[in-house]
Structures are given as C-alpha cells and as structure tokens.
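Trainee: I would like to practise reading a structure feature by feature. Please give the general idea first and then the case at hand.

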Amino acid sequence: MFAVALAISLVAPSPRAALAVALLIPVAIVNSRRISGATEVRQFEQSTAALWRPSPLLFTALVLAAVTAIPVIPVLAQLSPLRCVHVLVSITVAAFWLTWSCAGIARPLLGISVFTLVWYLECFSDLPASVDLLGVRTTTPVSFAGAVGLSLVLGVQVIRKDRHDSRSSRRA
C-alpha cells in the first residue's frame, strides 16, 4: 500500500487517488492486528517506562499518521498550504480514530467499519465540499474546522485512555 500510494502520488495528476490509497495504509495495519487492544499488550505498554512519554496510544497514533503521510509528500507539495494542513490534520484524525477505537477501547470492528464508510463516501461520492472532512477533494473553512475539531476530540480521548490505564495499572 505504501509503495502504491507513493507511486500514484508521483505519477497521478490528481491528488485524490494518491490520498485515497494512502488513507488505506492505517486500515491495513490495524486490520492485520498490528495494533491491538488486548489486555496483555496494553499492560506491557503501561509497564514499560520508555513508553510513558508520549503515552503508548499517542505514540502509536503518531507513527500511524507518519506512515500514512510519508507516501503523499509529493502530492502535499503541490497543494495549497491550507489544503496541505487540512490533509495532514485528516490523516491525524484517521490515526487517532483507529488507534482509539481498535487499541484504546478494543473495538476494531467499529473502528474499521466507521473509517471505511467515511473513506468510501469521501473517495467515491460527490459530497458537498463543506463535508469533505478528509480533504480528499477540496478544503473549505467548515470542513477544515470539522477536521481540526475531530482531531482535538480524538487526541484528548487517546490521551485520557492512556492516563486512565496507567492509573489503574499502578494500583494493581
């Protein structure tokens, strides 16, 4: 997926195809159970002092976002600065959502299903520009504000989940 997204971003005249393929990278990683909400994994992450700053889920989300953003760097260089930021915020939203739903609350079916539905609607339908939260087609102030708001809410949820887990593991 990484190589395909990179190749499309180098060759395709439209950023839509490259962004659509790149947004499948975190789903492929999560779907292959590389990110898990298993109790043993979460307890191990919380017991390793090296993973406390940033918290394990936050670190996982940031790595997932980086792996998604790297292959679309050529596309991002062609976009306007506002749209580039919108796409990066949207990639972060996707990483936060998949990390929180699949590892944080251990609901991978919910996380993957909701993300895939949003991805499909964004990539294969003509939604109004104000609803383009992922920034696949265009950027408007409403869609950008929605993406920023979602990233803040999901970022807080990821951090809160790790703090709650670290407090409960210290009591045990």
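Mentor: What follows takes the fold, burial, one helix, the aromatic pairs and the cysteines in turn. The model is predicted, so local features need pLDDT of at least 70 and side-chain atom pairs count only at pLDDT 80 or more, while totals for chains, interfaces and linings use all residues. Residues are numbered from 1 along each chain as its sequence is written, and side-chain values use heavy atoms, with hydrogens and water left out.

Trainee: How many helices and strands does the chain have?

Mentor: Helices (H or I, at least four residues) and strands (E, at least two) are DSSP runs, numbered from the N terminus. The chain has nine helices and zero strands. In order from the N terminus, the elements read α-α-α-α-α-α-α-α-α.

Trainee: How do I read burial, and what share of the chain is buried?

Mentor: Buried means under 20% relative accessible area, exposed over 50%, and partly exposed in between (1.4 Å probe, protein chains only). Of the 172 residues in the chain, 42% are buried. Accessible areas come from the Shrake-Rupley method with a 1.4 Å probe, and for residues only the protein chains shown count as cover. The chain exposes about 9,000 Å², of which carbon and sulfur atoms supply 69%.

Trainee: What do contacts add?

Mentor: Contact means heavy atoms within 4.5 Å. Among the contacts in the chain with a separation of 6 or more, 66% are between residues 24 or more positions apart. Take Val67, which is found in helix 5 (residues 56–69). Val67 is partly exposed, at 27% relative accessibility. With neighbours within four places in sequence left aside, Val67 is in contact with Phe2, Ile25 and Ile29.

Trainee: Does helix 7 count as mostly covered or mostly open, and how does its length check out?

Mentor: The expected span of a helix is 1.5 Å times one less than its number of residues. For the 24 residues of helix 7 that gives 34 Å, and the end C-alpha atoms are 32 Å apart, which agrees. Helix 7 is mostly covered, with 19 of its 24 residues buried. Just after helix 7, Ala106 has a positive phi of about 55°.

Trainee: How many aromatic pairs are there in the whole structure?

Mentor: Rings of Phe, Tyr and Trp (its six-membered ring) pair if their centres lie within 6.5 Å; planes under 30 degrees apart count as stacked, over 60 as edge-to-face and the rest as tilted. A search of the whole structure gives three aromatic pairs. In one of them, the ring centres of Trp97 and Trp100 are 5.8 Å apart and the planes are at 50°, so this pair is tilted. Trp97 and Trp100 are separated by about one helical turn because they are three residues apart in helix 7 (residues 81–104). Trp97 is buried at 17%, and Trp100 is buried at 18%.

Trainee: What about Tyr120 and Phe124?

Mentor: Tyr120 and Phe124 form a tilted pair, 5.3 Å centre to centre with 40° between the planes. Both lie in helix 8 (residues 108–124), four residues apart, about one turn of the helix. Tyr120 is partly exposed at 48%, whereas Phe124 counts as exposed at 54%. Ring pairs link Trp119, Tyr120 and Phe124 into a cluster.

Trainee: How many disulfides are there?

Mentor: A disulfide is a covalent bond between the sulfur atoms of two cysteines. The rule used here is a pair of cysteine sulfur atoms within 2.5 Å. By this rule the count is zero disulfides. Cys102 is buried at 2% relative accessible area, and Cys123 is buried at 9%.
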